[in-house]
Amino acid sequence: MTRNKDFNNITSLDRYNQCCIKMHQDYLNRISAYYGITGKDLSRFAWAEDRNVNLYFLEVFVDSINDITSKGCIVFAEINRSSCCDKLFHMNLIEETSNHNFGEISPVKINKKLAWLAQHGFISRNLINNIITASLYFTYGDINRKYILNELRKEWVKKWVDKEYTVTQKILQKKNILETFPTSSQKFFVDRYHFDEMLKTLDDNQFTDEFNQCLFAYEHEKWFLCAAGLGSCLEHLMEKVIINYNKNGYPLLKRLGKDPTLRDYLNIFRKEPINLEPRQETYIKMLFMARNSVDHHNTGYTSKNICDSLLDGIRNIFNDYYSQSILSKNNSKGD
């Protein structure tokens with residue numbers, strides 16, 4: 001028999017809130033102090049940079065003759081994309097899991113325990129699919145006891161960071177290997193760029209097709225093709241910014257002309273209402289210089305890094321200019 005049960009939001013409970021704050025501090029300290037990782041490499045870690053997470057505490061039954069260890073807790077995290085802060089959720093399923101079928105599943109087989117809970121309707125399969133794999137952990141004892149919660153925090157964050165480091169380090173050590181986008185179980189690439197959200201916002205089948213072809217080339221280590229294609233995507237994105245302003249009353253499109261070049265795009269971006277600053281203009285020029293510097297003789301990390309820079313550029317132009325082009329309004333009519 002299945003039963004539905006909801007998680008309780010315990011973000012405001014002081015004990016758990018303090019646990020979350022300390023845990024995040026421990027998480028970041030282990031990355032920087034123990035592993036010495038900073039800068040863009042922080043994208044390898046799910047709870048680093050400005051990302052937020054949801055932390056889940058799922059109390060379950062443990063088959064033991066010892067009353068102290070008859071309780072256990074499955075803990076895990078997922079990326080929180082809908083809020084600007086971390087959140088904590090709790091569910092007590094000790095009574096519901098006090099049976100032979102659940103109890104005989106070894107605590108080390110956490111995924112099997114989660115599968116049982118999903119099968120019986122206590123948690124959703126969608127939640128399981130969103131779990132940050134490295135964050136999944138099991139502990140014995142009653143987490144409502146302060147000392148057990150504190151011990152859980154310390155051990156949980158250590159295991160979480162260590163797993164993320166090990167998995168991503170293996171990927172980086174394999175020359176030019178990248179997990180498939182966007183279905184990769186390794187989330188650091190997807191979370192760093194949020195390209196899935198960008199494509200949904202743009203809602204342009206042609207741009208999506210062009211961009212996905214660049215990601216396909218990236219995945220298959222075709223750095224020349226990827227860099228050349230990303231340069232085209234940069235121009236396409238800048239054109240979409242101009243088109244949006246044109247729709248909102250700024251007559252910019254007629255200035256673009258036929259077969260526009262980077263110079264044409266920059267000439268428009270310098271003027272009202274975009275007002276491209278000199279430093280930003282230099283940055284965009286550098287992106288296109290990087291694209292043009294790639295040839296078929298280039299291999300290895302040099303070309304990959306150029307592609308990474310172009311991907312950063314696309315993200316930055318989208319974040320810095322596209323949203324403004326949608327929101328901006330002018331009383332005059334467009335073309």
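**Helices, rings and side-chain contacts in a predicted model**

The secondary structure of the chain comes to 13 helices and 5 strands. The model is a predicted one, and buried residues make up 48% of the 335 residues in the chain. Contacts often bridge distant parts of the sequence: among those between residues at least 6 apart, 70% join residues at least 24 apart.

Start with helix α3, which covers residues 110-119. Its buried residues are I110, K113, L114, W116, L117 and A118. What do the buried residues of α3 pack against? Their partners are the strands β2, β3 (71-80) and β5 (137-140), together with the helices α2 (100-103) and α4 (125-129). K113 also has a ring partner, as its charged end sits over the ring of F102, 4.1 Å from the ring centre. After α3 comes G121, with a positive phi near 80°. R30 gives another case of a charge over a ring: its charged end sits over Y34, with 4.0 Å to the centre of that ring.

Strand β2, one of the partners of α3, runs over residues 52-61 and includes N52. Is N52 buried or exposed? Its relative accessibility is 15%, so N52 counts as buried. Setting aside neighbours within four places in sequence, N52 is in contact with E78, I79, N80, S83, C84, C85 and D86. With D86 there is a polar contact as well, side chain to side chain, at 3.5 Å.

Now for the aromatic rings. The structure holds 19 aromatic pairs. One of them joins F207 and F211, and this pair is stacked, with 6.0 Å from centre to centre and 10° between the planes. Where do these two residues sit relative to each other along the chain? Both belong to helix α8 (residues 205-219), and because they are 4 residues apart there, about one helical turn separates them. F207 counts as buried because its relative accessibility is 0%. F211 is buried too, with a relative accessible area of 0%. Y245 and Y250 offer another arrangement: the ring centres are 5.8 Å apart and the planes meet at 85°, so this pair is edge-to-face. Both Y245 and Y250 are buried. Elsewhere, ring pairs link Y16, Y27, W47, F57, W156 and W160 into a cluster.

Helix α8 also holds D209. At 45% relative accessibility, D209 counts as partly exposed. Its side chain makes a polar contact of 3.0 Å with the side chain of Q213. D209 and L199 are 10 residues apart in sequence, and their C-alpha atoms are 9.9 Å apart in space.

Helix α9 takes in residues 223-247, which makes 25 residues. How far does α9 reach from its first C-alpha to its last? The span is 36 Å, close to the 36 Å expected at 1.5 Å a residue. G249 follows α9 and has a positive phi, near 105°.

Further along, Y283 is found in helix α12 (residues 278-293). Its relative accessibility of 31% makes Y283 partly exposed. Which residues does Y283 touch, once neighbours within four places in sequence are left aside? They are D312, G313 and N316. The side chains of Y283 and N316 are joined by a polar contact of 2.9 Å. As for G313, it lies 30 residues from Y283 along the chain, yet the two C-alpha atoms are separated by 8.5 Å.

That leaves the cysteines. How many disulfides are there in the model? The count comes to 0. A disulfide needs two cysteine sulfur atoms within 2.5 Å. For C19, the closest cysteine sulfur is that of C20, and because the two are 7.3 Å apart, they are too far from each other for a bond. C20 is likewise in no disulfide, its nearest cysteine sulfur being that of C19 at 7.3 Å. Both residues are tucked away from the surface by the accessibility count: C19 is buried at 5% relative accessibility, and C20 is buried at 6%.

Key. Residues numbered from 1 in each chain as written. Heavy atoms only, no water. Buried < 20%, exposed > 50% of the residue type's maximum accessible area, 1.4 Å probe, protein only. Expected span 1.5 Å × (residues − 1). Polar contact = N/O pair within 3.5 Å; in protein donor to acceptor, adjacent residues only side chain to side chain. Contact = heavy atoms within 4.5 Å. Phe/Tyr/Trp six-rings, centres within 6.5 Å; stacked < 30°, edge-to-face > 60°. Lys NZ or Arg CZ within 6 Å of the ring centre and 35° of its normal.
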